[in-house]
Amino acid sequence: MTGVWSSVPKRAKAGEPAEASFFQERLWFMEKLSPGSCAFNMLNGFMIAGSLDRELVERSIHEIVRRHESLRTNLVFSEGKVLQQVSQPSPKVFEAVDLTRLPKERKLEEADRMATALARRPYDLAADPLFRTVLFELGGGKHLLAALSH
């Protein structure tokens, strides 16, 4: 195979670290230059209207993370190289927050405040899940799903 796909590092065996891609090395280096920065955090919000099974959403998020190693890959420095280390799925990738008891005019404002605080929280590239979600229950069949990736 030639072209861009031939430059993608392959792991010798499942569970063993692999060399990081150029982009991953750059991300790791930028984090070392500016520790605690949230510059590379990406937050997406999805409004959901109607009946919602929170447990089904949680199981679905966990299944997506289980299937996709890229959502569970951390960057570690070892023997002078940045390496990819695929972690086991973490329960930290999903959280549900019930905002139904707040006054109607404050619910979305509080969800936005909490999602923004999550996006500003720095990641530990070597240990933290690089993908997280929070489901804000707003009441009246309304929900906000915040998905954060690094």
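# Briefing: buried residues, a sheet and salt bridges

Leucine 135 has a relative accessibility of 0% and therefore counts as buried. This leucine belongs to strand β6, and the model in which it appears is a predicted one. The points below begin with strand β6, then turn to an open sheet of three strands, and end with the salt bridges, of which the structure holds five.

**Strand β6 and its residues**

- Strand β6 covers residues 131–139, and threonine 133 is found in it.
- Arginine 132 also has its place in strand β6, as does leucine 135.
- Leucine 135 touches Leu52, Arg54, Phe94, Glu95, Ala96, Val97, His143, Leu144 and Leu145, when residues up to four places away in sequence are not counted.
- Leucine 135 and glycine 45 are 90 residues apart in sequence, and their C-alpha atoms are 9.7 Å apart in space.
- Is threonine 133 buried or exposed? Threonine 133 counts as buried, because its relative accessibility is 2% and the cut-off for buried is under 20%.
- Apart from its neighbours within four places in sequence, threonine 133 is in contact with Ile61, Val93, Phe94, Glu95, Leu145, Ala146 and Ala147.

**A buried charge in strand β6**

- Side chains of opposite charge can pair when their charged atoms come close.
- Arginine 132 is buried yet has no salt bridge.
- Which side chain of opposite charge is nearest to arginine 132? That side chain is aspartate 128, at 4.4 Å, whereas a salt bridge requires a nitrogen within 4 Å of a carboxyl oxygen.
- Arginine 132 is in contact with Lys92, Val93, Leu118, Arg121, Pro122, Tyr123, Ala146, Ala147 and Leu148, leaving aside its neighbours within four places in sequence.

**The open sheet and helix α1**

- Three strands, in the order β1-β4-β3, form an open sheet with antiparallel pairing.
- β1 (18–19) and β3 stand at the edges with a single partner strand each, so one side of each has no neighbour in the sheet.
- How many bridges join β3 and β4? The two strands pair in the antiparallel sense over six bridges.
- Within this pairing, valine 76 stands opposite leucine 83 in β4.
- Helix α1, made of residues 22–33, lies across β3 and β4 and runs at about 70 degrees to β3.

**The loop between β3 and β4**

- Glutamate 79 is placed in the loop between β3 (73–78) and β4 (81–86).
- Glutamate 79 is not a glycine, yet it has a positive phi of about 50 degrees.
- Glutamate 79 counts as exposed because its relative accessibility is 78%, and the cut-off for exposed is over 50%.

**Salt bridges in helix α2**

- Arginine 54 and glutamate 58 form a salt bridge in which the closest N and O atoms are 2.9 Å apart.
- Both of these residues lie in helix α2 (residues 54–67), where they are four residues apart, about one turn of the helix.
- Arginine 54 is partly exposed, with a relative accessible area of 28%, and glutamate 58 is also counted as partly exposed, at 25% relative accessibility.
- Glutamate 63 and arginine 66 meet through their side chains in a salt bridge of 2.6 Å, N to O.
- These two residues are three residues apart in helix α2, so about one helical turn separates them.
- Glutamate 63 is partly exposed, with a relative accessible area of 27%, while arginine 66 counts as partly exposed at 44% relative accessibility.
- Glutamate 63 also forms a salt bridge with arginine 67, and the closest N and O atoms are 2.8 Å apart.
- Glutamate 63 and arginine 67 are four residues apart in helix α2, so they too are separated by about one helical turn.
- Arginine 67 is exposed, with a relative accessible area of 60%.
- Which residues are joined into one network by salt bridges that share partners? The network consists of Glu63, Arg66 and Arg67.

Key. Residues numbered from 1 in each chain as written. Predicted model: local features only at pLDDT ≥ 70, side-chain atom pairs only at ≥ 80, totals over all residues. Heavy atoms only, no water. Buried < 20%, exposed > 50% of the residue type's maximum accessible area, 1.4 Å probe, protein only. Pairing = 2+ DSSP bridges. Contact = heavy atoms within 4.5 Å. Axes fitted to C-alpha atoms, helices over the stretch in contact; angles between N-to-C directions. Lys, Arg positive; Asp, Glu negative; His and termini not counted.
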